[in-house]
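Could you take a look at this one when you have a minute? My notes are below, in the order I'd go through them.

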Amino acid sequence: YIWRPTDEFTANLGIPFSIDYRPSPGRSLTISYMPLTNAQVIASQSIGEPWSIYAGYRAVNETFLKAPTVR
């Protein structure tokens, strides 16, 4: 389900869960979560036409299983 009450705020209410908030044209905050595996938060600020800075956090759970040995 996508909920968009304003042009500045969008939420994907389901799997994956995400929120995109843009309080002004040069700022944004994105939060996303995939249950049990991935979480991400990114905040960005425009500092000029081609430039922007951002801060972010990402947690990713990757599991690799060993393949069975064939003899």
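1. Start with S24, which stands opposite R27 in strand 4. One thing to keep in mind throughout: this is a predicted model. Strand 3 and strand 4 make a hairpin, with two residues between them. The two run antiparallel and are joined by six bridges.

2. Going back along the chain, strand 2 (residues 9–12) is also antiparallel to strand 3 (residues 17–24), this time with four bridges. Here the hairpin linking strand 2 to strand 3 goes through four residues. For a cross-strand pair to click on, try F9, which sits opposite Y21 in strand 3.

3. Now zoom out to the whole sheet. Six strands make it up, in the order 1-2-3-4-5-6, and it is an open sheet with antiparallel pairing. Its edges are strand 1 (2–3) and strand 6 (52–60), each of which pairs on one side only. As a reminder, strands of a sheet pair through backbone hydrogen bonds, either parallel or antiparallel.

4. My last stop is S28, which belongs to strand 4 (residues 27–34). Is S28 buried or exposed? S28 counts as buried because its relative accessibility is 13%, and the cut-off for buried is under 20%.

5. What does the S28 side chain do in there? It makes a polar contact with the side chain of S44, at 2.6 Å. Leaving out residues up to four places away in sequence, S28 touches Y21, R22, I42, A43 and S44. So S44 turns up in that contact list as well as being the polar partner of S28, and Y21 is the residue that stands opposite F9.

Terms used:
Residues are numbered from 1 along each chain as its sequence is written. This is a predicted model: local features need pLDDT of at least 70, side-chain atom pairs count only at pLDDT 80 or more; totals for chains, interfaces and linings use all residues. Side-chain values use heavy atoms; hydrogens and water are left out. Two strands pair if DSSP finds at least two bridges between them. Buried means under 20% relative accessible area, exposed over 50%, partly exposed in between (1.4 Å probe, protein chains only). A polar contact is a pair of N or O atoms within 3.5 Å; within protein, one must be able to donate a hydrogen and the other to accept it, and residues adjacent in sequence count only if both atoms are side-chain atoms. Contact means heavy atoms within 4.5 Å.
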